[in-house]
Protein chains: 2
Amino acid sequence: MPGEFEQIDWVRRRVGSHPRVPLGIGDDAALVRLSSDPGTLVTVDMLMEGTDFTFPPATPRLAGRKALAVNLSDIAAMAGRPVACVVSVALPRGRGIEFARELHLGIEELAREFDVAIAGGDTNSWDGPLVVSATVFGETVPPGPIRRSGAQPGDWIFVTGSCGGSIHGRHLTFTPRVREALALHSAVSLHAMIDVSDGLAADLHHILDESRVGAVVEAAAIPIHSDVRDNGTTPLEHALGDGEDFELIFTVSPEDGAKLFADDSLKSGLTRIGTIAQVGVRELHGADGSVSPLLRRGWEHTL
Amino acid sequence: MPGEFEQIDWVRRRVGSHPRVPLGIGDDAALVRLSSDPGTLVTVDMLMEGTDFTFPPATPRLAGRKALAVNLSDIAAMAGRPVACVVSVALPRGRGIEFARELHLGIEELAREFDVAIAGGDTNSWDGPLVVSATVFGETVPPGPIRRSGAQPGDWIFVTGSCGGSIHGRHLTFTPRVREALALHSAVSLHAMIDVSDGLAADLHHILDESRVGAVVEAAAIPIHSDVRDNGTTPLEHALGDGEDFELIFTVSPEDGAKLFADDSLKSGLTRIGTIAQVGVRELHGADGSVSPLLRRGWEHTL
């Protein structure tokens with residue numbers, strides 16, 4: 001029966017050495033070179049089989065990939081540069097070492113794409129479904145991390161890409177917006193940013209809550225992904241509420257908003273969906289002049 | 001129905017601010033001040049209900065405590081000082097917000113005891129058992145981290161405390177040997193160190209493997225914990241094989257070994273269990289002069 005140590009040895013040989021990781025896999029803890037000033041970005045996400053993916057359509061490789069990708073998306077949302085990760089996993093006993101290896105390969109492939117060092121991990125098995133938790137470390141990029149709390153009335157609200165329907169497969173294959181975030185961060189003064197995990201409306205509400213502001217969103221402007229299927233819930237509702245788009249919502253001054261639209265390389269894929277308003281205003285404006293409340297919608301784990 | 005955001009807000013208010021954490025709970029990632037030179041110690045451990053604890057005799061508070069404690073033990077095994085952590089959790093849906101809060105309180109109490117900042121986390125619920133994964137960051141302490149790979153033939157092998165029988169409750173309540181490790185690290189030149197998670201024999205084998213050396217262990221010297229029950233497996237076998245003692249195994253030169261025995265404050269609780277030998281020698285010596293192979297025993301997750 002293959003065991004954890006055979007798997008750990010295999011991963012250790014594959015991963016090799018990395019300049020960021022003076023001591024890697026094979027001891028009680030890794031030693032990782034991280035930034036002390038102003039600090040290191042740290043994010044963690046746990047994915048569970050049956051909630052965050054199912055087999056099929058997911059494969060262990062896609063599950064591993066997603067476990068890292070959702071965390072890279074969080075680093076992107078802070079306008080940071082991901083540098084290293086550690087991964088803990090509860091493997092369903094009896095699915096074999098090939099399952100464990102495919103899971104690792106999904107992590108490794110995305111880690112290589114973004115030059116993220118795999119510094120260590122914890123390999124377990126049990127009689128339950130797959131659970132995988134990744135912790136990702138990132139560097140801040142001057143002038144510093146972008147928080148949810150910096151939106152100001154009058155700011156233009158943008159979203160990268162389009163939203164809705166990710167459940168049909170995109171939630172497993174999306175590319176985290178790390179490069180886009182860094183390009184935006186170097187071009188303009190980002191006031192607030194978040195990635196769309198709970199849903200476009202719910203995550204915009206997180207910005208509004210933390211910034212103590214309101215927003216007016218133009219329904220007609222919401223970029224609806226071609227993955228959305230019209231199934232009783234309207235395409236607009238899908239785009240606002242589906243979640244796991246892993247696009248970025250951000251706000252900038254109108255001047256910087258105009259600057260983005262004037263730059264062909266930056267404006268690609270960007271959509272202005274509304275304007276930050278005074279606190280208390282949370283409105284969805286229809287093309288017909290209708291005004292409805294901007295509902296929170298979106299995913300929340302119930303306890 | 002209480003949800004993740006109510007719980008996150010509650011944790012955020014409790015945890016407050018910490019000088020190590022310029023940006024804490026409430027954004028896409030935390031910002032944590034970590035050491036860049038020579039690096040930051042990073043360790044992660046995932047615990048699963050049914051494998052690492054069961055309810056009862058465990059409580060959610062003890063499960064949370066253990067999730068942090070096993071990681072602090074890993075930092076101790078590197079002779080490091082723990083400074084911060086992040087925790088991801090899959091909560092069994094329907095056990096209520098009190099369960100989630102108790103889990104947090106178990107983490108928080110131990111974190112305060114060791115001045116470990118709780119920098120962030122990920123709160124999920126699902127229809128499965130409790131899974132909790134903690135990632136802990138530590139500072140190295142001069143002259144640097146102690147690896148598994150530094151044992152040298154002739155070294156004396158020590159263990160802190162005594163081993164075996166932790167399953168009867170100690171695996172939930174042990175105090176990680178952080179303070180002991182730091183005291184030893186400042187007093188002598190530690191050559192190799194590991195914490196006893198898989199089992200005294202198995203974890204000693206990890207030192208031997210990584211150091212490419214052998215060992216002679218004196219059976220009569222093995223400190224057997226009073227928790228061990230004589231139930232067909234001998235007390236010695238329990239002490240060598242049970243695991244989850246979270247004591248430290250370390251090796252030092254004979255000169256430093258003698259120095260430890262000469263210091264009343266350091267020698268308390270320490271036992272010399274044997275001597276590092278040339279590679280190829282892995283022997284258990286009985287009090288009657290018998291020589292048997294030093295078996296690996298111990299826990300391994302099968303895949």
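Which strand of chain B does S2(A) join, and how many bridges are there between the two? Here are my notes on this one; keep in mind that the model is predicted.

1. To take that opening point: S2(A) is joined by three bridges to strand S1 of chain B, residues 30-32, and the two strands run antiparallel. If you want a spot to look at in the viewer, find Thr40(A), which stands opposite Val32(B) in S1(B).

2. Now the interface as a whole. On the chain A side 76 residues are in contact with chain B, and on the chain B side 76 residues are in contact with chain A. The size of an interface is often quoted as the accessible area lost when the parts come together. For chains A and B the buried area is about 6100 Å², and carbon and sulfur atoms give 58% of that. In chain A, the residues that lose the most area to chain B are Asp28(A), Met46(A) and Leu303(A), together 15% of what that side buries.

3. On charges and polar groups: the rule finds eight salt bridges across the interface of chain A and chain B. One of them you can check by eye is Arg12(B) with Glu210(A), whose side chains meet at 2.8 Å, N to O. The rule also finds 22 residue pairs in polar contact across this interface, both residues of each pair being at pLDDT 80 or more.

4. Where does the largest share of chain A's side come from? Strand S2 of chain A (residues 40-48) supplies it, with eight residues touching chain B. Sorted by class, chain A's side of the interface has 37 nonpolar, 22 polar and 17 charged residues.

5. Have a look at Asn124(B) too, which sits in strand S4 of chain B, residues 117-126. Is Asn124(B) buried or exposed? Its relative accessibility is 4%, so Asn124(B) counts as buried; the cut-off for that is under 20%. Its side chain makes a polar contact of 2.9 Å with the side chain of Asp122(B). Leaving out residues up to four places away in sequence, Asn124(B) touches Met46(A), Met48(A) and His301(A) in chain A, plus Val89(B), Ala90(B) and Leu91(B) in its own chain.

6. Last, Arg101(B), which is part of helix H3 of chain B (residues 96-113). Arg101(B) counts as buried because its relative accessibility is 17%, and the cut-off is under 20%. Setting aside residues up to four places away in sequence, Arg101(B) touches Glu6(B), Gln7(B) and Trp10(B).

Definitions and conventions
Residues numbered from 1 in each chain as written. Chains lettered and ligands numbered in written order. Predicted model: local features only at pLDDT ≥ 70, side-chain atom pairs only at ≥ 80, totals over all residues. Heavy atoms only, no water. Contact = heavy atoms within 4.5 Å. Buried area = accessible area lost by both parts, 1.4 Å probe. Salt bridge = Lys/Arg side-chain N within 4 Å of Asp/Glu carboxyl O. Polar contact = N/O pair within 3.5 Å; in protein donor to acceptor, adjacent residues only side chain to side chain. Helix = DSSP H or I, 4+ residues; strand = E, 2+ residues; numbered from the N terminus. Nonpolar A, V, L, I, M, F, W, Y, C, P; charged D, E, K, R; others polar. Pairing = 2+ DSSP bridges. Buried < 20%, exposed > 50% of the residue type's maximum accessible area, 1.4 Å probe, protein only.
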